[in-house]
Structures are given as C-alpha cells and as structure tokens.
Amino acid sequence: DLMLRRFKEDMAVLPEIQGTDEYDEVPVEGFGAALLAGYGWKEGDFIGKKYKGMGDVKVREHGRRRCGTQGLGS
C-alpha cells in the first residue's frame with residue numbers, strides 16, 4: 001500500500017510528455033556537451049581525473065568520415 005501511494009505521488013508531479021519535438025530542437029553535438037555539463041564539465045576542460053588542471057585542451061580533428069555502407073574498420 002505504501003509503495004502504491006508513493007508511486008501515485010511520483011506520477012502526479014511528473015511533467016507532461018512533450019513528444020519528439022524537444023529532441024528535434026537539440027543538435028546531436030549539443031547533447032553530449034549538455035550531458036557532460038551536468039557532471040560539471042566545461043568547454044575546454046579535459047575529461048577524467050587524470051587530466052585535471054592540465055591547462056587548455058587542443059581539439060583534434062580525426063581523418064575523413066566513413067560514408068555510405070563503410071563500417072568501423074574502413
């Protein structure tokens with residue numbers, strides 16, 4: 001009875017479902033940054049304890065992108 005009551009209370013305070021429109025508004029690149037920001041990461045910081053306080057981060061672009069049906073090994 002207690003668990004059912006708590007479940008109903010939790011369901012009552014949930015926000016309404018907005019549909020997929022919210023997902024379409026967020027670019028894929030922004031999703032990862034927003035997720036990491038939730039853990040305290042800031043743009044330009046390293047990721048991981050090992051690299052804390054090491055200064056500025058240099059962004060590296062990796063080679064060409066795979067296209068079409070090329071898999072990870074191409």
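# Exposure, patches and helices in a predicted model

User: In this predicted model, why is Leu-4 called partly exposed?

Analyst: Leu-4 has a relative accessibility of 47%, and since the partly exposed class runs between the 20% under which a residue is buried and the 50% over which a residue is exposed, Leu-4 counts as partly exposed. This residue lies in helix H1, which covers residues 2-13.

User: What makes Leu-4, Phe-7, Met-11 and Leu-14 a nonpolar patch on the surface?

Analyst: Membership requires over 30% relative accessible area and no salt bridge, with nonpolar side chains joined within 5 Å; Leu-4, at 47%, is over that limit. Together, Leu-4, Phe-7, Met-11 and Leu-14 have about 410 Å² of accessible area.

User: How do you know that H1 is hardly covered?

Analyst: Buried means under 20% relative accessible area, and among the twelve residues of H1 the count of buried residues is zero. For the chain as a whole, buried residues make up 0% of the 74 residues, while the accessible surface comes to about 7,900 Å², with 57% of that belonging to carbon and sulfur atoms.

User: What makes the reach of H1 close to the expected value?

Analyst: The expected span is 1.5 Å times one less than the number of residues, which for the twelve residues of H1 is given as 16 Å, and the computed reach from the first C-alpha to the last is 17 Å.

User: Why is Asp-24 called exposed, and in which helix is it found?

Analyst: The relative accessibility of Asp-24 is 63%, and because exposed means over 50%, Asp-24 counts as exposed. Asp-24 is found in helix H2, residues 21-25, and is one of the residues of a negative surface patch formed by Asp-21, Glu-22, Asp-24 and Glu-25. That patch is called negative because Asp and Glu count as negative.

User: Why does Ile-47 count as exposed, and where does it lie?

Analyst: With a relative accessibility of 57%, set against the cut-off of over 50%, Ile-47 counts as exposed. Ile-47 lies in the segment after helix H3 (28-37), and its C-alpha atom is separated by 9.0 Å from that of Leu-36, eleven residues apart along the chain.

User: What are the elements of the chain, from the N terminus on?

Analyst: The elements run α-α-α from the N terminus on, in keeping with a chain that has three helices and zero strands.

Definitions and conventions. Residues numbered from 1 in each chain as written. Predicted model: local features only at pLDDT ≥ 70, side-chain atom pairs only at ≥ 80, totals over all residues. Heavy atoms only, no water. Patch = residues over 30% accessible without salt bridge, like charges linked within 9 Å, V, L, I, M, F, W, Y side chains within 5 Å. Areas by Shrake-Rupley, 256 points an atom, 1.4 Å probe, with all protein chains shown as cover. Salt bridge = Lys/Arg side-chain N within 4 Å of Asp/Glu carboxyl O. Charge placed at Lys NZ, Arg CZ, Asp CG, Glu CD. Helix = DSSP H or I, 4+ residues; strand = E, 2+ residues; numbered from the N terminus. Buried < 20%, exposed > 50% of the residue type's maximum accessible area, 1.4 Å probe, protein only.
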